[in-house]
Amino acid sequence: MALSRLRNPVISRAPSLLRARLLPATSRSPACSSRVLKSFAQLEVTLLRPTHSSAFNGIHINSSTLKLQYGVRFFSSADPVHTVINMPALSPTMSQGNIAKWRKKEGDKINVGDILCEIETDKATLEFESLEEGFLAKILAPEGSKDVPVGQPIAITVEDADDIQNVPATAGNGSEINDKPSQQNVTHEERVQEASSMKINTSDLPPHMVLDMPALSPTMSQGNIVKWRKQEGDKINVGDILCEIETDKATLEFESLEEGFLAKILVPEGSKDVAVGQPIAVTVEDSNDIETVKTSFSGNMAQKEEKLVQQEPTKEAKPQETGFSRISPSAKLLLTEHGLDASSITASGPRGTLLKGDVLAALKSGKGSAKISASKETKPPSKQSQPQTPVSALSELRSDLQQADAFEDLPNSQIRKVIATRLLESKQSTPHLYLSSDVVLDSLLSFRKELKEKYDVKVSVNDIVIKVVAMALRNVPEANAYWDVKKGEVVLCDAVDISIAVATEKGLMTPIIRNADQKSISAISLEVRELAEKARAGKLKPNEFQGGTFSISNLGMYPVDHFCAIINPPQAGILAVGRGNLVVEPVVGPDGIEKPGVVTKMNVTLSADHRVFDGKVGGAFFAALGANFTDIRRLIL
C-alpha cells in the first residue's frame, strides 16, 4: 500500500474551534518532494500518533492536526445561543466535500477532542474534531451527503442540553442559495436516499464494519473489483489480501490490517466503475455473527433492487405516451418493407417525428411488432397500400442495416480511460515544444557488442539510451525540472528519475528508474526487465510508477523512424526514440580526406514544456545527448 503525502497545505481562514485529523488516503509523491513541504512551515501543525481505520481499507499513515474554521455563533433574545457549523475548506483546491460518517448523533454530548464526523475532501478523508464542549442539536447534512459546497451549514450545536428542543427550525437555512431545488439538488437527494437505503439499524446487529472502496491513487475516482481473494465466511488475518482492485494506474492488492471474518460481499467480482467511498464488503469480529449480518444486508439489498424494478416501468412509459405525429419518408419505406406497426416504435425526432434511425433501432433490438390486422389480411393488396419501392432505395436500406452492425464496442479498462483524459489535458494545457535530431549509433552498438563478447553482459539499446539521457539531464539540470502552476515558476528536481513507457494489455504504463544517472548500465537493464514484467502482469506498486522527472518512449523495435510523443504531466519532457537506419554520408578518414561511408543513425525527438525549455535549454540538452552517444565510454566514468 502506498503512503500518502499531503501535497498542498490546508489554509486556515479564521480562528478555529475544530481541528481535522488526516485519515488514510493515497496521493502522488512528487519527484521533487524536498520543495513541496516547505509551505508547511507557516502552518500550526502537530504530529499525532499513527492512526488507522479498517473502514478505509487498511492504509496506514501518520496523521496531522490541522486548525479549521468552525462556524458562526448566533446570539438572540428569543432563540437560545447556538452555533451553525459550516462545511470547511480543508484544502486549497476544495470547493465541496462529502459527509462520510457522523460519529455523533443529534442530542449527544460533545467533549473537547470528540470526533463529530468524517469529511471526504478532494485530498483525503478527515476526522472533524471538536475543541469545545456542547451538545449536537441538529444535523443539517445527513450522513452520505455528496458534493456539499464549502460554507454550507452542516450542523448546529448548543451549550446547554435544555436548548436542543428550542433551536429554531429555520436555523442554518440563511445560507441556502436557492429556495427551489434544482435538478442537480434533486439528483443529489436521490443519491443520498439511495445511500441511506443501504443503512441498517446497527443497534439490532452485532459489531460489524463496512469496508468502502478506497482511493488507491491520487487521481482515482472509481475502480474495478477484479477478484475477491476471500469469500463470504472466510477468516481474515492481519496482512491477508481481501481482493484485487484495478485502479486508474494498476491492479493493486487490498490488504487487511485487522482480524475478523468476511460476512458479506456487497460488490461482486467483476464489478466495473465502483465509486470511491461506496461500500464493497462487511466484516464481523465473531464467526457466529456472520449469518445475522449477512441476512440483514442481503434483505436490504433485495428491497432496494425491488424498488428500482418498480420504478423502471414508470420511467419507460413516459416516452411511449407521446407517440408520434408524423413519419419521415425513409421511415415509411422501412415500415413497409418489414411490415412493422408504427405505433409500437418510439419516435425521437423533433415534434414527435418518427425517424429512420428509430425504425432501425427497433429492428436491431426486435422491439418492433408486425401488423396483424385481420381486415388487412383478408383484403387483397392494393397499389395504394403496397407502393413499389425502387431498387436503389432497397439497396440503400440494406446497406444501412449492414452498417448498423459493422462495428463493435470494446470496453475500456480504467487505465485507458485515465490515459485518454490525461493525454487530452496535456495537449490542451501544456505548450509543447518539439526538437529533433539524428544521433550516430555506431559507438553505442560497438560498445554493446564488446560488453557481450568480453564480459558476457547482455544489455539492450534502450538500456544504454536510458543511461545516456540520464547523464545528459545531470549535465543540464535546467532540463530536469517541471513547471509549478501555482507558483508560476520552474522548479529544478534533485533526482534524475526516468519513466519508461511499457505497453500492456490494459494500456500504457510508465515504471520509473530511480536515480538512473547513478546506476550502471547492467543495473538499469536488470531493473527495466523486472519493472516491465510487473507492469505487464499489473503488479506494479504505487512507488514504482508515481513520480518521475523525465520520460522515454522507444519505438525502435518497430518500423518507426521518428515520432512525437505527448508530455506526461507534471513532467516537462519526453524523448521519442525511433529505429536505427544505415545512412551513406561523408566520413573523414584517418588521412583527413572525406570519403563516402555507411553509418547507423537514429532519430530522437524531444517534446518539451515550453515554459521550462527554451531554445537555449533544449540546445544544451541535445548537445549533451549527442556527446554521450558519440563517446559512449564516458558513461562508465
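## A four-stranded open sheet

Four strands form an open sheet in the order E19-E18-E16-E21, and their pairing is antiparallel. The edges belong to strand E19 (251–255) and strand E21 (274–275). Each edge strand has a single partner, so one side of each is left without a neighbour in the sheet. The model described here is predicted.

Strand E18 covers residues 241–246. E18 and E19 are joined by five bridges in the antiparallel sense. Within this pairing, Ile245 stands opposite Leu252 of E19.

## The chain as a whole

The chain has 637 residues, and 42% of them count as buried. Its secondary structure amounts to twelve helices and 34 strands. About 34,400 Å² of the chain is exposed, with carbon and sulfur atoms supplying 52% of that area.

Contacts reach far along the sequence. Take the contacts between residues at least 6 apart: 66% of them join residues at least 24 apart.

## Strand E12 and its two partners

Strand E12 runs over residues 134–139. It is mostly covered, with five of its six residues buried.

Which strands pair with E12? One is strand E9 (residues 109–110), held in the antiparallel sense over two bridges. Here Ile110 has Gly134 of E12 as its bridge partner. The other pairing is with strand E14 (residues 153–158), also in the antiparallel sense, over four bridges. In that pairing, Lys138 is matched with Ile156 of E14.

## Salt bridges around E16, E17 and E18

Side chains of opposite charge can pair when their charged atoms come close. The count of salt bridges in this model comes to 20.

One of them joins the side chains of Asp240 and Lys230, at 3.4 Å from N to O. Asp240 sits in the loop between strand E17 (235–236) and E18. Lys230 sits in the loop between strand E16 (222–228) and E17. The two are ten residues apart. Are these charged residues buried or exposed? Both Asp240 and Lys230 are buried.

Glu232 makes a salt bridge with Lys294, and their closest N and O atoms are 3.0 Å apart. Glu232 belongs to the loop between E16 and E17, while Lys294 belongs to helix H3 (residues 290–322), so the pair ties together parts that are 62 residues apart in sequence. Glu232 is partly exposed because its relative accessible area is 29%. Lys294, at 26%, is partly exposed as well.

## Arg514 with Asp497, and a charged network

Arg514 and Asp497 meet through their side chains in a salt bridge of 3.5 Å, N to O. Arg514 is in the loop between strand E31 (512–513) and helix H11 (521–537). Asp497 is in the loop between strand E27 (489–492) and strand E28 (498–500). The pair is 17 residues apart and links distant parts of the chain.

How covered are the two partners? Arg514 is partly exposed, with a relative accessible area of 26%. Asp497 has a relative accessibility of 5%, so it counts as buried.

Shared partners also build a network. Arg229, Glu244, Glu253 and Lys539 are joined into one by their salt bridges.

## Strand E34: one exposed residue, one buried

Strand E34 spans residues 594–609 and includes Val598. Thr605 is found in this strand too.

Val598 is exposed because its relative accessible area, 57%, is over the 50% cut-off. It contributes to a nonpolar surface patch of about 340 Å², together with Leu582 and Val584.

Thr605 is buried, because its relative accessibility of 4% is under the 20% limit. Its side chain makes a polar contact of 3.3 Å with the side chain of Ser436. Which residues does Thr605 touch, leaving aside its neighbours within four places in sequence? Its contacts are Leu435, Ser436, His562, Phe563, Cys564, Ile574, Leu575 and Ala576.

Methods:
Residues are numbered from 1 along each chain as its sequence is written. This is a predicted model: local features need pLDDT of at least 70, side-chain atom pairs count only at pLDDT 80 or more; totals for chains, interfaces and linings use all residues. Side-chain values use heavy atoms; hydrogens and water are left out. Patches are made of residues with over 30% relative accessible area and no salt bridge: like charges are joined within 9 Å, nonpolar side chains (Val, Leu, Ile, Met, Phe, Trp, Tyr) within 5 Å. Accessible areas come from the Shrake-Rupley method with a 1.4 Å probe; for residues, only the protein chains shown count as cover. A salt bridge is a side-chain nitrogen of Lys or Arg within 4 Å of a carboxyl oxygen of Asp or Glu. Buried means under 20% relative accessible area, exposed over 50%, partly exposed in between (1.4 Å probe, protein chains only). Two strands pair if DSSP finds at least two bridges between them. A polar contact is a pair of N or O atoms within 3.5 Å; within protein, one must be able to donate a hydrogen and the other to accept it, and residues adjacent in sequence count only if both atoms are side-chain atoms. Contact means heavy atoms within 4.5 Å.
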